[in-house]
Amino acid sequence: MDQIIISLMSGPKDGDMLTFETLLDSDEATDLSIGRREGCDICLNYDSQVSREHAVLSYDGQRFWLEDTRSTNGTFIGDEKLEGRSEVEPGQLFRVGRTWLRVEPVTSFESSDEDLPF
């Protein structure tokens, strides 16, 4: 399995790290929804500049892709407003609303029975 880690780099949750797991060798991309709506994978409900369903961050097993989902205020990689789908490198900052985020390098881990709490 791979772990996708998203760091929040501003706002009231500055420094928080969100962890998501994805299967190795999967043919399907892992899509993480970003928005103000409670059901989003990355919920930024404290940021009034974030649309309910603002953007999608995808991991295809090798690269990350960021796509704005017709948000009101746009999605930015660095200072550039996203037009369509763009690649995001690990460590690169991107902004949704007023919140800056960063994708950390993917880490692989093997789960074993020793990791189980029971």
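How many aromatic pairs does a search of the whole structure find? The search finds one such pair, where rings of Phe, Tyr and Trp (its six-membered ring) pair if their centres lie within 6.5 Å, planes under 30 degrees apart counting as stacked, over 60 as edge-to-face and the rest as tilted. The model is predicted, so that local features need pLDDT of at least 70 and side-chain atom pairs count only at pLDDT 80 or more, while totals for chains, interfaces and linings use all residues. Residues are numbered from 1 along each chain as its sequence is written, and side-chain values use heavy atoms, with hydrogens and water left out.

The chain contains twelve strands and zero helices; helices (H or I, at least four residues) and strands (E, at least two) are DSSP runs, numbered from the N terminus. Of its 118 residues, 36% count as buried, where buried means under 20% relative accessible area, exposed over 50% and partly exposed in between, for a 1.4 Å probe and protein chains only. Among contacts between residues at least 6 apart in sequence, 37% join residues at least 24 apart, a contact being heavy atoms within 4.5 Å.

Five strands form an open sheet in the order β4-β3-β5-β6-β9, with mixed pairing; two strands pair if DSSP finds at least two bridges between them. The edges are occupied by β4 and β9 (85–88), each with a single partner strand, so one side of each is left without a neighbour in the sheet. Strands β3 and β4 run parallel and are joined by two bridges, with G35 opposite C43 in β4. Within strand β5, V56 is partly exposed at 23% relative accessibility. The C-alpha atoms of V56 and L66 are separated by 5.9 Å, although the two residues are ten places apart along the chain. Residues up to four places away in sequence aside, V56 touches D31, L32, W65, L66, E67 and T69.

Strand β11 pairs with both β1 and β10. With β1 the sense is antiparallel over three bridges, and L101 in β11 is the bridge partner of L8. Four bridges join β10 to β11, again in antiparallel orientation, and V96 stands opposite T99 in β11. The hairpin of β10 and β11 has two residues between the strands, and G97 there takes a positive phi near 65°. In a regular strand the side chains alternate between the two faces of the sheet. Along β11, T99, L101 and V103 point to one face and are buried, whereas W100 and R102 point to the other and are not.

A positive phi also occurs in a residue other than glycine, namely R70, where the value is near 55°. R70 lies in the loop between β6 and β7 (75–77) and is exposed, with a relative accessible area of 82%.

The largest nonpolar core has 21 residues, of which I34, L66 and F94 touch the most other members. Such a core is a set of buried Ala, Val, Leu, Ile, Met, Phe, Trp, Tyr and Cys residues joined through side-chain atoms within 4.5 Å. Two or more residues each are given to this core by β1 (2–8), β3, β5, β6 (64–68), β10 (93–96) and β11 (99–103). Beyond four places in sequence, F94 touches I34, L66, F76, I77, G78, V88, T99, W100, L101, R102 and V103. The ring of F76 also lies beneath a charge, since the charged end of R95 sits over this ring at 4.1 Å from its centre; the criterion requires NZ of Lys or CZ of Arg within 6 Å of the ring centre and within 35 degrees of the ring normal.

Side chains of opposite charge can pair when their charged atoms come close. The structure holds two salt bridges, each defined as a side-chain nitrogen of Lys or Arg within 4 Å of a carboxyl oxygen of Asp or Glu. In one of them R37 pairs with E53, the closest N and O atoms being 3.0 Å apart. This pair links distant parts of the chain, with R37 in the loop between β3 (30–35) and β4 (42–43) and E53 in the loop between β4 and β5 (55–59), 16 residues apart. R37 is partly exposed, at 35% relative accessibility. A salt bridge also joins the side chains of E104 and R102, at 2.8 Å from N to O. Here E104 is buried, with a relative accessible area of 15%, while R102 is partly exposed at 25%.
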